[in-house]
Structure formats: structure tokens, C-alpha cells
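Hi,

Here is the structure I promised to pass on. Have a look at it first, and then read on for what I found.

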Amino acid sequence: MRSLAAVLMISTLVGSAVAQPASKKKKPVPPKTEAVAAPKGPEKAPADSSPMAELKKSNAQLKKVLGQRGPSWSPEREAKNSEVRKIVGGFLDFEELARRALGKNWEPLTPKQRTEFVATLRELVERNYLKQMHGQPEYDLQFLNEEKKDEEATVNAKLLATAKAKKITMEIIYKMTFHGGHWVVYDVITDEQSLLENYRAEFSKIINKDGFDALMKRMKKKLGDSAQ
């Protein structure tokens with residue numbers, strides 16, 4: 001069920017960045033780094049803006065791209081993967097996700113550490129997303145309603161799908177914030193399990209025990225493993 005939800009916006013996040021790596025793997029591949037902008041004040045969402053409408057648009061774009069077929073080695077597949085990354089980056093604010101996932105551990109970090117963490121987390125999420133999206137069953141994601149309060153919003157949805165001849169119905173809750181001029185997802189709740197909270201708990205556990213550098217080392221090792 002978790003792998004299915006991965007196609008429906010970021011649910012491959014849980015544990016993917018910090019799982020213990022196996023031995024004899026390829027050398028980690030450094031992620032592309034982009035400078036993390038300085039924190040901005042709260043943005044006021046326009047009264048007529050709709051987080052649910054933005055999710056519907058992103059989901060429609062994903063379904064269209066995921067419906068394209070082509071050999072895994074073809075230039076078309078590379079173009080498809082690039083388009084998926086672009087769409088995911090449109091509805092998921094990686095800096096916001098990183099900041100919320102680290103919680104109190106975000107503030108002590110230097111600008112360089114923040115940039116490196118965001119870049120590594122983004123690369124892991126995108127690679128896991130691309131890996132999980134292939135071979136997924138057909139699905140229908142129905143968006144039910146939205147609730148807005150200032151720059152925060154909640155969108156409720158229902159997933160209807162068939163996997164291995166078994167019908168699946170799943171309630172999904174998207175937690176969103178207005179950032180960068182549009183609504184972005186920072187958490188997905190399925191089966192009463194928050195992806196963000198699970199991430200935060202795992203990150204905090206590692207940092208409290210071994211420090212931030214140990215977390216980065218483990219994430220980069222995982223990144224190297226996924227490059228195989």
C-alpha cells in the first residue's frame with residue numbers, strides 16, 4: 001500500500017533516506033546542490049487560491065506522464081523521468097520538507113549544512129519516486145474537500161485502486177502550506193501514519209545519538225546504493 005501511495009505524491013519518504021545500507025555498494029554519487037535561500041516570513045495565501053485545485057492539476061500531469069510507455073534505456077524514458085521530477089518539484093517544497101523534518105535540529109545548522117541536507121534529501125526522494133512509479137497499478141485519486149487557515153491547508157482525498165486483483169480503498173490527507181507563491185505539500189497521512197512525523201522521529205533519533213554528520217553520512221550512503 002505504501003508503494004502504491006508513492007505514485008500519489010511523496011509517500012516513499014518513510015525510512016527511505018536512513019535505511020541501513022548493504023555492503024559492497026557503489027561509491028555514493030554526490031547530489032546536485034543549490035543554495036538554500038534565507039528563511040522568509042509567512043506568505044499570505046490569496047483568498048481565491050485553492051490547494052485542492054493545485055493538487056488536482058499536479059495529479060493530472062503525473063497520470064499523463066506516467067501513462068507514457070517506452071524502454072527503460074530510451075531517451076524517451078529519460079525525458080519522462082525529467083518531467084516527473086519537474087512535476088514533483090512543483091507540488092513538493094523540498095526546503096520546507098527538510099526544515100519541518102529536522103524540527104529543532106534545523107536551526108543550529110550552517111547555511112552550507114542546510115543546502116547539503118536539502119539537496120541530498122531531494123535526490124533521495126526523487127530517485128525513490130522514479131523507482132517506485134514503474135509498474136504501479138491503475139488508480140483513481142478522488143479529491144474530496146479542502147480546509148484553509150491562513151497559510152496552512154488540509155486536503156482530504158480517497159484512493160481507489162486495484163493491485164494484484166485486489167481492490168484497495170485508502171483515505172489520504174495532504175498537509176500543505178502556501179510558499180513560493182503557491183500551495184505545496186509537506187506531509188501525507190495514510191492509515192493515520194504521518195510521513196513527516198515518521199521522518200522527523202528517525203532523523204531526531206540518529207542526530208541525538210550520533211550527530212548530524214552521521215545522518216548525512218547515512219543518507220549519502222543510501223543515495224549511493226540507489227544509484228545502482
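The side chain of Asp-93 has a polar atom 2.9 Å from the backbone nitrogen of Glu-96. Keep in mind that this is a predicted model. Asp-93 sits in the loop between α3 and α4 (94–102), and a polar contact of 2.3 Å joins its side chain to that of His-179. What caught my eye is that Asp-93 is buried but has no salt bridge. The nearest side chain of opposite charge belongs to Arg-122, and that is 7.9 Å away.

Just before that loop you'll find helix α3, residues 75–91. With 17 residues at 1.5 Å a residue, α3 should span 24 Å, and its end C-alpha atoms are 25 Å apart, so the two values agree. Its buried residues are Arg-77, Lys-80, Asn-81, Val-84, Ile-87, Val-88 and Phe-91. Looking down the axis of α3, these buried residues fall within an arc of 125°, so they line one face of the helix. Pro-75, Glu-78 and Lys-86 are on the other side of α3 and are exposed.

Now the charged pairs. How many salt bridges does the structure hold? The count is 9. In one of them, the side chains of Arg-85 and Glu-126 meet at 2.5 Å, N to O. That pair links distant parts of the chain, since Arg-85 is in helix α3 and Glu-126 is in helix α5 (residues 111–133), 41 residues apart. Is each partner buried or partly exposed? Arg-85 has a relative accessible area of 26%, so it counts as partly exposed, whereas Glu-126, with 7%, is buried.

Glu-126 also has a salt bridge to Arg-122, at 3.0 Å, N to O. Both of these residues lie in α5, 4 residues apart, or about one turn of the helix. Arg-122 has 31% relative accessibility, so it is partly exposed. Another salt bridge in the helix pairs Glu-123 with Arg-127, with the closest N and O atoms 3.1 Å apart. Glu-123 and Arg-127 are 4 residues apart in α5, so about one helical turn separates them. Both Glu-123 and Arg-127 are buried. Elsewhere, Glu-96, Arg-99, Arg-100 and Glu-152 are joined into one network by salt bridges that share partners.

On to the strands. The 5 strands form an open sheet in the order β1-β2-β3-β4-β5, with antiparallel pairing. At the edges are β1 (139–149) and β5 (193–194), each of which pairs on one side only.

Going through the sheet pair by pair:

- β1 and β2 are antiparallel, with 10 bridges between them. Gln-142 has Lys-158 in β2 as its bridge partner.
- β2 (residues 152–163) and β3 (residues 166–179) run antiparallel and are joined by 12 bridges. Leu-159 stands opposite Met-170 in β3. The two strands form a hairpin with 2 residues between them, and Lys-164 in the turn has a positive phi of about 55°.
- β3 and β4 (residues 182–190) pair in the antiparallel sense over 8 bridges. Here His-179 stands opposite His-182 in β4. This hairpin also has 2 residues between its strands, and Gly-180 takes a positive phi near 70°.

If you go back to the start now, His-179 is a good place to link things up: it stands opposite His-182 and has the polar contact with Asp-93.

Cheers

How values were computed:
Residues numbered from 1 in each chain as written. Predicted model: local features only at pLDDT ≥ 70, side-chain atom pairs only at ≥ 80, totals over all residues. Heavy atoms only, no water. Pairing = 2+ DSSP bridges. Expected span 1.5 Å × (residues − 1). Buried < 20%, exposed > 50% of the residue type's maximum accessible area, 1.4 Å probe, protein only. Arc of directions from axis to C-beta. Lys, Arg positive; Asp, Glu negative; His and termini not counted. Salt bridge = Lys/Arg side-chain N within 4 Å of Asp/Glu carboxyl O. Polar contact = N/O pair within 3.5 Å; in protein donor to acceptor, adjacent residues only side chain to side chain.
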